[in-house]
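Thank you for making time this morning. I would like to walk slowly through one structure with you, so please keep the sequence and the picture in view while I talk.

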Amino acid sequence: MNSSTVEASKLSKAFGNKQVLQDMSFGVSPGDVIGVLGKNGAGKTTLLELMLGFTPPTGGAVRIFGHESYSLPGSIKARVGFVPQQDELLDQLTVADQLRVIASFYPRWDSALITRLCEEWGVNLYARIKSMSVGERQKLSILLAFGHRPELLILDEPVASLDPIARRQFLEQLLSISADGERSIVFSSHIVSDIERLANRIWILKEGRLDWQGDLDSLKESIVRLHIRGAGAELPAMAIPGVLSLQRDGAFATAVVRDWTPEVQDALEKSASVQIEVEALGLEEIFVELHR
Amino acid sequence: MKAVARLVWTYFTGTLVSRVFTSGGLILMTVDFCILITQPRSGEKLWLAMLGIIIFFVGSSLMPLMFGRLARGHSAGVLPGGRFKLLLSAYITILLVAIPVGVLAPAGTLSGDSSIPELMKDPRIRDYVLQLVGIVFTSAVLFAGWMYLAMWFVTSQRNMAGLFKGLLVITLVIFAPAREIRDLTVSLTWNLQQIAVIWSVFGAGFLLWPRFKAARARRNRERFTGVARALAGKTAGREFDVMLGTSNPLLLLVALAFPLLVATRFVGEFPAVWLYFLTFCCVLTGAYSSLAAERSRALWLRGDWSRSALFASVERSVWRHNSVVLGVLLLAMVGIGEYAHFSARMLLASLPLLALGTLLSTYLGLMITRGLRWLEIGYAIAVMLMLLFMVRLVARENADLGNVFALELGLVALAFLLRFIARRRWTQIDWMMCRSGRLVAARDA
Amino acid sequence: MFILNPQSGIPIYRQILEQVRRMVASGQLPPGTALPSVRDLALRHTINPMTISRAYSILETEGLLERHRGRPMTVASQARNHSQLPKRLQQIGPLVEQTVMAAKQLQLTEAELVKTVRREWEQNDE
């Protein structure tokens, strides 16, 4: 895997004596769309802000395009876009002014794209920011990160305040950004259905560690629910590898397992003389099961 | 013209409240006029007239509100000569409100004297009376104009900036004419000149405003759609300042102006004013600079700054802002020195103190990169106490200038120390810890 | 053309695989039909194009789809036949079973049997 876009090894972060992230190693390749899932307090924002150098790591290192995040040079910063969880808009400006101010910091700014998106997304160029709703502010924050056509786009809960139509428009735009296969996107969201559409890789953050890191497809094939039926009246005791949860009910059992493969199924069926039916789980179910 | 008349009529009678006030005021004034010209002169009757005038004025208070709304709305632009008619209606209202003053004041001054009709036959006395009427009338026009302007600010902006602007105008209006009257510099020609200038400037500005706005919007659109920007990573000064919040020193100055004016009027005695000045400029400029760390977060990814280069740029930007405020305050200090007759040596000792206050508070503010903790509060209190001590020292008439300057130099050294600490903190700034609220959010995310 | 459910436990690429295989087998997608491009499909369903191109690649390896430079992928002309592969294998099954049983009775090794089959295959080609 070409980890040239972002690369982290044994990254950890503590605030005082509270350890937020530990021992995280991951990579982002060009063309990746990575969905970051995790409970509140799992460290998603900390992870994203560490990646961008807003805060120094307490252990390990993280690099963007080969440069250490904490001391990114200007040439790399111009290739990165960020949508923070709390917007950084200036209330007293109009939308057009805010766009102009941010545009002035970049040597290349695609005004045509921004104008078109403002029209498509219904952002009023001449509205004053302090009079805008939360959704409109979020749309503007997203636009501010698109204008300089970054190669790495990092978004922290970018659609939390958007209605389904606005979310769909945003997803479509992200898709067309990543379509060329050269740009990478990392975004954290609670809206699992959006991640299922958009991401090809998933990071699941649990208690400060990367509980899962891999393809979305593999994830769905690897974490499944088993419906087990025994021959007799009572199901024999079995050692189920990678079990996350197990419920017995006489001759039946339901188990959610991880790292599932057909070989494991064969082995289990033979060793315990049971019949196993595999149920695939959606991402939201997988997330819930992983946190039981 | 009918539209203008209807507008003016609505200003005075548009709502039930304004109808009540207008008619009540008119009745009072008429009654008092009759009393004034038939009864012997007396002070109380003048008060009744004043009351009538004030009530009448309040009855017309719809004018600034409607003026603002209509000016901003579409109708003014769509109707033929809409803006001009609106302007005319405002001017006519001002004149209407001033007329009773021009009538009642001389009536009050000349009333009750049976020899008046005889005296009036004398051309010189007639001229004098006419002059008086003219002066009172034009002063009332000016005063009413300013009051309406203040009301327009307060009602149309509906935020702190508008309130301050309105209060500022009111304060100026109350104090400036008072001074004129005291120094007897008021004259008919001067009033007429003021009216001519102010009304033409306001009128021109008001009428040309839509054209100006259209030009600005067009300019925005042109700059916005398509011209490639040839900036190479660094920024032109202004945008940086806008992001940091240091682009507009006027906001801070306006916030300072009103209490300053109140202080000079009512406090008067200089040690108190001093304290006020210094405390104010310290707290406010320091508070302004303390926002820099938080707001610089949005700048981290936008430009080719390392953290230490960012500190240098932020420092420059903060000084671009604070030096303007300091300059104005120094001028104000000199002005107040004139007004309150400070001695030259006191002025000499005090001006550096103002600069020091700003210097120290600026760097105190810049030191706040991890939210306001007890340590920073402690620093701030210590610096404030030092400054207050200096103020008391300088305010004493027999202050030894040598001592004062030595202590001031000490404070300069302290400022350098604070700068050193601020710069070191900025080279390690951690934006997840910048705001206490943010720290909580960081822990939870 | 496809009914895709991103929320399903079945990965999207697998959904495409199954639907294409079914439609080709049933004749809904005759050979030569052009399939929507990866980008079109991604935008229409608002899903990641990588999962679609993975499905297309697998189908190409299976021989169901043909790639053309500059043009969209089409259903391969051999597709109909290929989709019947399991059935055809099933048909030859009994014969193979017989051959294997006979070879074992004659105490031939697997390698020797395979060699014989291969020789026969090559001779038949001539």
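Let me begin with a question: with which residue does Asp217(A) form a salt bridge? The partner is Arg54(C), and the closest N and O atoms of the two residues are 2.9 Å apart. Before I go further I should say that this is a predicted model, so please hear every value as something computed from it.

That salt bridge belongs to the contact between chain A and chain C, where the count is 2 salt bridges, and where 10 residue pairs are in polar contact, both residues of each pair being at pLDDT 80 or more. On the chain A side, the elements that give two or more residues are helix H6 (164-178), helix H7 (192-198) and helix H8 (216-222), and H6(A) gives the most, with 5 residues. If we sort that side by class, we find 8 nonpolar, 5 polar and 7 charged residues.

Taken as a whole, the contact draws 20 residues from chain A and 20 residues from chain C, and the area buried between these two chains is about 1,600 Å², with carbon and sulfur atoms giving 52% of it. In chain A, the residues that lose the most area to chain C are Leu175(A), Arg197(A) and Asp217(A), which together make up 35% of what that side buries; Asp217(A), then, is also the residue that we met in the salt bridge with Arg54(C).

A word on chain C itself. Chain C has 6 helices and 2 strands, and, read along the sequence, these follow the pattern α-α-α-β-β-α-α-α. Of its 126 residues, 31% count as buried, and among its contacts between residues at least 6 apart in sequence, 49% join residues at least 24 apart.

Let us turn to a sheet in chain A. Here 4 strands form an open sheet in the order S2-S1-S4-S5, and the pairing is antiparallel. Strand S2 (18-28) and strand S5 (67-68) stand at the edges with a single partner strand each, so one side of each has no neighbour in the sheet. Strand S1 (residues 6-15) is joined to S2(A) by 7 bridges, and one example to look for is Glu7(A), whose bridge partner in S2(A) is Gly27(A).

Strand S1 also leads us to another chain, since Lys13(A) forms a salt bridge with Asp430(B), with the closest N and O atoms 3.6 Å apart. This pair crosses between chains, going from strand S1 of chain A to the loop between helix H17 (401-426) and helix H18 (436-444) of chain B. Are these two residues buried or exposed? Both Lys13(A) and Asp430(B) are buried.

Side chains of opposite charge can pair when their charged atoms come close. The structure holds 26 salt bridges over all chains, and I will pick out two within chain A. In one of them, the side chains of Arg225(A) and Glu285(A) meet at 3.2 Å, N to O. Arg225(A) lies in strand S11 (residues 224-230) and Glu285(A) in helix H10 (residues 283-290), so the pair ties together parts that are 60 residues apart in sequence. Arg225(A) is buried, with a relative accessible area of 15%, whereas Glu285(A), at 35%, is partly exposed. Both residues belong to a network of salt bridges that also links Glu279(A), Glu289(A) and Arg292(A).

The other pair is Arg258(A) with Asp211(A), where the closest N and O atoms are 3.6 Å apart. Arg258(A) sits in the loop between strand S13 (252-257) and helix H9 (262-272), and Asp211(A) in strand S10 (residues 209-215), 47 residues apart. Why does Arg258(A) count as buried? Its relative accessibility is 18%, and the cut-off for buried is under 20%, whereas Asp211(A), at 25%, is partly exposed.

I will finish with Phe82(A), which is found in strand S6 (residues 80-83) of chain A and counts as buried at 9% relative accessibility. Leaving out residues up to four places away in sequence, Phe82(A) touches Glu49(A), Leu52(A), Phe54(A), Ala145(A), Ile154(A) and, from chain B, Leu301(B).

Key
Residues are numbered from 1 along each chain as its sequence is written. Chains are lettered from A and ligands numbered from 1 in the order in which they are written. This is a predicted model: local features need pLDDT of at least 70, side-chain atom pairs count only at pLDDT 80 or more; totals for chains, interfaces and linings use all residues. Side-chain values use heavy atoms; hydrogens and water are left out. Contact means heavy atoms within 4.5 Å. Buried area is the accessible area (1.4 Å probe) that two parts lose on being put together, summed over both. A salt bridge is a side-chain nitrogen of Lys or Arg within 4 Å of a carboxyl oxygen of Asp or Glu. A polar contact is a pair of N or O atoms within 3.5 Å; within protein, one must be able to donate a hydrogen and the other to accept it, and residues adjacent in sequence count only if both atoms are side-chain atoms. Ala, Val, Leu, Ile, Met, Phe, Trp, Tyr, Cys and Pro count as nonpolar, Asp, Glu, Lys and Arg as charged, and the others, Gly among them, as polar. Two strands pair if DSSP finds at least two bridges between them. Buried means under 20% relative accessible area, exposed over 50%, partly exposed in between (1.4 Å probe, protein chains only).
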